[in-house]
Amino acid sequence: MPRARKSVDPVDINHFRKLWNGGERRRALELAQSADLSEDDWAALHGEFPELLELINT
């Protein structure tokens with residue numbers, strides 16, 4: 001059975017944006033990692049926050 005796609009909760013993405021834009025990028029990344037996001041959701045985050053990939057790789 002295929003895994004159901006879990007979409008980003010609007011509250012989570014708003015919290016992510018608040019943390020990210022407030023300079024707490026590591027905490028924003030931890031929030032995203034704890035949310036069990038789908039590949040599509042990760043792609044959307046990478047599209048909106050291109051620096052996210054650099055942070056993941058550090």
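**Exercise 1. Contacts of Arg26**

Set aside the neighbours of Arg26 within four places in sequence, and find which residues Arg26 is in contact with.

*Solution.*
Step 1. With those neighbours left out, Arg26 touches Leu55 and Thr58. This is a predicted model, so every contact here belongs to a prediction.
Step 2. Place the residue. Arg26 belongs to helix α2, which covers residues 25–34.
Step 3. Check one partner. Arg26 and Leu55 are 29 residues apart along the chain, and their C-alpha atoms are separated by 7.6 Å.
Step 4. Check the exposure. The relative accessible area of Arg26 is 41%. Partly exposed covers values between 20% and 50%, so Arg26 is partly exposed.

**Exercise 2. The overall layout**

State how many helices and strands the protein has, and give the pattern along the sequence.

*Solution.*
Step 1. Count the elements: there are 4 helices and 0 strands.
Step 2. Read along the sequence: the pattern is α-α-α-α.
Step 3. Add the burial. The protein has 58 residues, and 28% of them count as buried.
Step 4. Add the surface. The protein exposes about 4300 Å², and carbon and sulfur atoms supply 52% of that area.
Step 5. Look at sequence range. Take the contacts between residues at least 6 apart in sequence; 55% of them join residues at least 24 apart.

**Exercise 3. One face of α2**

Determine how the buried residues of α2 are arranged around the helix axis.

*Solution.*
Step 1. List them. Ala28, Leu29, Leu31 and Ala32 are buried in α2.
Step 2. Look down the axis of α2. Its buried residues fall within an arc of 160 degrees, so they line one face of the helix.
Step 3. Recall the geometry. An α-helix has 3.6 residues a turn, so residues three or four places apart point the same way.

**Exercise 4. The aromatic cluster**

Describe the ring pairs that Phe49 forms with Phe16 and with Trp20.

*Solution.*
Step 1. Start with the total: the structure holds 3 aromatic pairs.
Step 2. Take Phe16 and Phe49. Their rings lie 5.0 Å centre to centre, with 65 degrees between the planes, and the pair is edge-to-face.
Step 3. Locate this pair. Phe16 is in helix α1 (residues 10–21), while Phe49 is in the loop between α3 (39–48) and α4 (51–56). The two are 33 residues apart, and the pair links distant parts of the chain.
Step 4. Take Trp20 and Phe49. The ring centres are 5.5 Å apart and the planes meet at 55 degrees, so this pair is tilted.
Step 5. Locate this one too. Trp20 lies in helix α1 and Phe49 in the loop between α3 and α4, so the pair ties together parts 29 residues apart in sequence.
Step 6. Check burial. Phe16 and Phe49 are both buried, and Trp20 is buried as well.
Step 7. Join the results. Phe16, Trp20 and Phe49 form one aromatic cluster.

**Exercise 5. The nonpolar core**

Give the number of residues in the largest nonpolar core, and name those with the most contacts inside it.

*Solution.*
Step 1. The core has 14 residues.
Step 2. Those with the most contacts inside it are Phe16, Trp20, Leu45, Phe49 and Leu52.
Step 3. The elements giving two or more residues to the core are α1, α2 and α4.
Step 4. Follow Leu45. Beyond its neighbours within four places in sequence, Leu45 is in contact with Ile13, Phe16, Ala32, Leu37 and Leu52.

**Exercise 6. A positive phi**

Say where Asp36 is found and what sign its phi has.

*Solution.*
Step 1. Asp36 is found in the loop between α2 and α3, just after α2.
Step 2. Its phi is near 55 degrees, a positive value in a residue other than glycine.
Step 3. Compare with the general rule: most residues other than glycine have a negative phi.
Step 4. Asp36 is partly exposed, with a relative accessible area of 43%.

Methods
Residues are numbered from 1 along each chain as its sequence is written. This is a predicted model: local features need pLDDT of at least 70, side-chain atom pairs count only at pLDDT 80 or more; totals for chains, interfaces and linings use all residues. Side-chain values use heavy atoms; hydrogens and water are left out. Buried means under 20% relative accessible area, exposed over 50%, partly exposed in between (1.4 Å probe, protein chains only). Contact means heavy atoms within 4.5 Å. Rings of Phe, Tyr and Trp (its six-membered ring) pair if their centres lie within 6.5 Å; planes under 30 degrees apart count as stacked, over 60 as edge-to-face and the rest as tilted. A nonpolar core is a set of buried Ala, Val, Leu, Ile, Met, Phe, Trp, Tyr and Cys residues joined through side-chain atoms within 4.5 Å. Accessible areas come from the Shrake-Rupley method with a 1.4 Å probe; for residues, only the protein chains shown count as cover. The arc is that of the directions from the helix axis to the C-beta atoms.
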